[in-house]
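I opened this notebook to record what I looked up in the structure, entry by entry. The topics are a bound ligand, one threonine and the cysteines.

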Amino acid sequence: MLACEGATLDYGSYRALSGVSVRVERGELVVMLGANGAGKSSLFLAISGLRRLRSGSIRLDGQELAGRKPSDIVAAGLVQCAEGRKLFPGMSVRKNLTLGGYVHRADPKGSEAILERVFGMFPILRDKQHDTAGSLSGGQQQMVAIGRALMGRPKVLLLDEPSLGLAPLVVKQVLEAVQAINREGTTVLLAEQNAFAALKIAHRAYVLENGRIVSEGSPETLLADDRIRKAYIGA
Ligand SMILES: Nc1ncnc2c1ncn2[C@@H]1O[C@H](COP(=O)(O)OP(=O)(O)O)[C@@H](O)[C@H]1O
Ligand SMILES: [Mg+2]
């Protein structure tokens, strides 16, 4: 469903991605592992059209995305939940969520139905819908960020380190929500440093190191690889 081939991206003279090829099949939950600075966010920003590739292609259902406007990419069904949540802290939870449906503003009824689905998934957000987003806990803010991405009606949802900075119990809740979203039919590409927790919910994973894919396989295969265990799982 999502196919990235030979993606190369530079920041000035610094090469952040070197020929990265990644595929995500319809219905899959694929994890992108990699240490800080490996290039996970650069790849995601390029897929979303927020960074321009030097070379390579990114296709969604066979349609080329590279070079298209970010808003067109969202409308095509590829939605990113950015690293660090990037909420509007002074605006209400409800307003943050409805903004995620901006490209679908011609269909307010459809957006209302998805908002209900988000409130069903995260009941605390219904209770706090009129509070400012900035007044919520870190975990609740992450729920708003995920909910806002769902309002964009993703066929493929890109989640960039949703567990960053959260307490272990909250990490577990967030990753369970990601798994539930996938089971309800959304294809997911998830970047994580939290390798052990992420591999538990993944169908397949890639390992990114210094802008290159160095390993790919099932969670079982990666968990059994000593080098991967040492570098990413700490056991
Ligand atoms: N805007 C930028 N300008 C220059 N270098 C950048 C920029 N963004 C990221 N980098 C560098 O690119 C590399 C990959 O970063 P990033 O994609 O953020 O990695 P990750 O998300 O895996 O932590 C890092 O060395 C980072 O310092
Ligand atoms: Mg990052």
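Before counting what each element gives to the ligand's surroundings, I noted that helices and strands are here DSSP runs, with at least four residues for a helix and at least two for a strand, numbered from the N terminus. I also kept in mind that the model is predicted.

**Entry 1: the shell around ligand 1**

I first asked which element gives the most to the shell around ligand 1. I found that α1 does, with three residues, and that β2 (14-24) and α1 (40-47) each supply at least two residues of that shell. I then listed the residues around the ligand, which are Y11, Y14, A16, A35, N36, G37, A38, G39, K40, S41, S42 and R51. Sorting the shell of ligand 1 by residue class, I got five nonpolar residues, five polar ones and two charged ones.

**Entry 2: polar contacts and cover of ligand 1**

Next I looked up the polar contacts made by oxygen atoms of ligand 1, taking the backbone cases before the side-chain case. A polar backbone atom of G37 is 2.7 Å from an oxygen atom of ligand 1, and a backbone N or O atom of S41 lies 2.9 Å from an oxygen atom of the ligand. For S42 the partner is instead a polar side-chain atom, which I found 2.6 Å from an oxygen atom of ligand 1. As for cover, ligand 1 has 560 Å² of accessible area on its own, and the protein covers 64% of this.

**Entry 3: T8**

I turned to T8, which has its place in strand β1 (residues 2-11), and asked whether T8 is buried or exposed. Its relative accessible area is 8%, so T8 counts as buried, the cut-off being under 20%. Leaving out residues up to four places away in sequence, I found that T8 touches R15, L17, S18, G19, L53, R54 and S55. With G19 there is also a polar pairing, in which a polar atom of the T8 side chain lies 3.0 Å from the backbone nitrogen of G19.

**Entry 4: the cysteines**

Last, I asked how many disulfides there are by the rule that the two sulfur atoms lie within 2.5 Å, and the count comes to zero. C4 is in no disulfide, and the nearest cysteine sulfur to it, that of C81, is 19 Å away. I noted the counterpart for C81, which is likewise in no disulfide and has the sulfur of C4 as its nearest cysteine sulfur. C4 is buried, with a relative accessible area of 3%, and C81 also counts as buried, at 3% relative accessibility.

Note on methods:
Residues numbered from 1 in each chain as written. Chains lettered and ligands numbered in written order. Predicted model: local features only at pLDDT ≥ 70, side-chain atom pairs only at ≥ 80, totals over all residues. Heavy atoms only, no water. Buried < 20%, exposed > 50% of the residue type's maximum accessible area, 1.4 Å probe, protein only. Polar contact = N/O pair within 3.5 Å; in protein donor to acceptor, adjacent residues only side chain to side chain. Contact = heavy atoms within 4.5 Å. Near = heavy atom within 4 Å. Areas by Shrake-Rupley, 256 points an atom, 1.4 Å probe, with all protein chains shown as cover. Nonpolar A, V, L, I, M, F, W, Y, C, P; charged D, E, K, R; others polar.
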